[in-house]
Amino acid sequence: MDYAVMFYVIVGVLVAIAVFFTGWNTYKRVSESKVVSAERLAEKIVREAQKEAETRKKSALLEAKDEWYKAKAKFEQETQSTRQQLQALERRLADKDGSLNRRADLLERKERDVRRTERHVQTKEKAVEERNRELGELIREENSKLERIAGLSAEEAKQLLMSNLESEARHEAARLLNEIRETALRDAEKEVRKILTLAIQRCAAEHVVESTVSVVSLPSDEMKGRIIGREGRNIRAFETSTGIDVIIDYTPEAVILSGFDPIRREVARMSLEKLISDGRIHPGRIEEVVSKTQREMEEQIRETGEQTCLEVGIHGLHPELVKLLGRLRYRTSYGQNVLEHSKEVAFLAGMMASELGLDVAIAKRSGLLHDIGKAADHEAEGTHAQIGRELSGKYGEVPTVVDAVGGHHDDPQPDSLMAVLIQAADAVSGARPGARRETLETYVKRLEKLERIADSFPGVGKAYAIQAGREIRIMVEHKEVDDAKAAALASDIAAKVERELEYPGQIKIVVIRETRAVDYAK
């Protein structure tokens, strides 16, 4: 068994060696054939590469020649365009050169003409100077002759001539003033009447004339004794607490309270009515009731101010101004209640502002506050317009309202159209029939002063105040005042009346000039 195995092993080894040598010979022959093929392929590739290189070289040369030809053609084209432009510039330069030569010739001709004109002008100037000298000598000779004939020197004649010219100028100015005034009145009067009439008709306010006394009704005359008290202690305590005089006379079932401060008088009236209703009247009770009534009065004043703002339609008013508005309820001006007057001015100003295209809210605000200075205490100095300007500015009102409040009496002159509008509304409210009253003595003094102002002008014969001081008619001397001067005289008198006289509404100035021819038949 061992020999058989060995035999197979040796046979297997021999077979393997034979197979190895056979495979190696085969690989060697295949490799040699591949090498030969590769060498042939390489030679073929080299030949093809050389051919392709030759082909590409020829193609590159052709492309280069083509680009060169194109660049040459482009250069020649650009050179041709530049050459054409240069030729065009040369032609324009040649044209300009010719134009400049022509202009130079023209300027030379003009210079020659100017020199000839200058020589001619110089000749004329010499002739004019000679003529002026001759005229001056003639004027001096004529002036000397006129002075000898008229007996006046040149200065006196000049003064006379200036006087005549001034008189003529004044006459012409007065005539023009009259024409301008008539034109303005003709154009404006219709529109003004329309606006004022509409505002007055839409605002129909009541007028109540107040006095400086209040009357308190009593249940019986026995109450008078209780008001007086033992040895007058009750009435003295009441007058001390209120600052108001109590007048007890023979008027049945009535007591009169007298005082110039309407707020104190109203506090006294309310306090006395409470004491009469309660029945307990003694000094301690009087002081308690008066103190309580004063607090109620302050609250009532504030509510009145708020109600007024609500009625007029004004919002955002400072609380202090609201309080001052409430105090105006107890103030009067020529017998007219100031609060009612202020509301009426606010409504009138709003209506007129609406017609004129102005700010209605600002107009109402200005009209309501225009007399706010009258509510200030007596410690404040200045006119009520000045005080009102300070108060409205202090409490944050806009400049237009401040100017209207301060300028509604032309002190100082108003700076805005709104101030003029408030002036007109104030005058309309104060000029309503029955709106204001004045004492007989004040009324007479105002009429006399109005006539004195008119009589102070030269040429006035006599002046008559009529229509309760609403109109003054002035008779002038016809020899001293002509028709044109009459218009100027009316304007001057109106201006002086505005400066020196205080009055509600407006005053009409009428100048009357007449010429009378008188003769007698014998």
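Patches on the surface are made of residues with over 30% relative accessible area and no salt bridge, and nonpolar side chains are joined into one patch when they lie within 5 Å. With that in mind, a good place to start in this predicted model is a nonpolar surface patch formed by Val5, Met6, Val9, Ile10, Val13, Leu14, Ile17, Phe20, Phe21 and Trp24. Together these residues offer about 1000 Å² of accessible area. One of them, Leu14, belongs to helix α1, which runs over residues 2-150. Leu14 counts as exposed because its relative accessibility is 52%, and the cut-off for that label is over 50%.

Helix α6 offers a look at the interior. This helix covers residues 283-312, 30 residues in total, and spans 43 Å between its first and last C-alpha, close to the 44 Å expected at 1.5 Å a residue. Its buried residues are Arg285, Ile286, Val289, Val290, Thr293, Met297, Ile301, Thr304, Gly305, Thr308, Cys309 and Val312. These buried residues pack against several other helices, namely α4 (233-242), α5 (262-278), α7 (319-327), α8 (338-356) and α9 (360-369). Just after α6 comes Gly313, with a positive phi near 90°.

Helix α14 can be read in a similar way. It takes in residues 483-500, 18 residues, and reaches 26 Å from first C-alpha to last, close to the expected 26 Å. The N-terminal end of α14 is capped by Asp482, which places a side-chain oxygen 2.7 Å from the backbone nitrogen of Lys485. Among the buried residues of α14 are Ala484, Ala486, Ala487, Ala488 and Leu489, and the list also includes Lys496.

Charged side chains come next. Across the whole structure, the search finds 20 salt bridges. One of these joins Arg269 to Glu273, with an N to O distance of 2.9 Å. Both residues sit in helix α5, four residues apart, which is about one turn of the helix. Arg269 is partly exposed, at a relative accessible area of 22%, and Glu273 is also partly exposed, at 38%.

A second salt bridge connects Arg280 with Asp278, whose closest N and O atoms are 2.8 Å apart. Arg280 has 47% relative accessibility and therefore counts as partly exposed; Asp278, with 33%, is partly exposed as well. In a third pair, Glu397 and Arg365 bring their closest N and O atoms to 2.6 Å. This pair links distant parts of the chain, with Glu397 in the loop between α10 (384-394) and α11 (399-406) and Arg365 in helix α9, 32 residues apart. Glu397 and Arg365 are both buried. Shared partners also tie salt bridges into one network, made up of Asp278, Arg280, Arg285 and Glu288.

Finally, two loop residues stand out for their backbone angles. Glu231 has a phi near 55°, a positive value in a residue other than glycine. Glu231 is found in the loop between α3 (222-228) and α4, and it is exposed, with a relative accessible area of 72%. Glu253, which is not a glycine either, has a positive phi of about 55°. Its place is in the loop between β2 (245-247) and β3 (254-258). At 41% relative accessibility, Glu253 counts as partly exposed.

Technical notes. Residues numbered from 1 in each chain as written. Predicted model: local features only at pLDDT ≥ 70, side-chain atom pairs only at ≥ 80, totals over all residues. Heavy atoms only, no water. Expected span 1.5 Å × (residues − 1). Buried < 20%, exposed > 50% of the residue type's maximum accessible area, 1.4 Å probe, protein only. Contact = heavy atoms within 4.5 Å. Salt bridge = Lys/Arg side-chain N within 4 Å of Asp/Glu carboxyl O. Polar contact = N/O pair within 3.5 Å; in protein donor to acceptor, adjacent residues only side chain to side chain. Patch = residues over 30% accessible without salt bridge, like charges linked within 9 Å, V, L, I, M, F, W, Y side chains within 5 Å. Areas by Shrake-Rupley, 256 points an atom, 1.4 Å probe, with all protein chains shown as cover.
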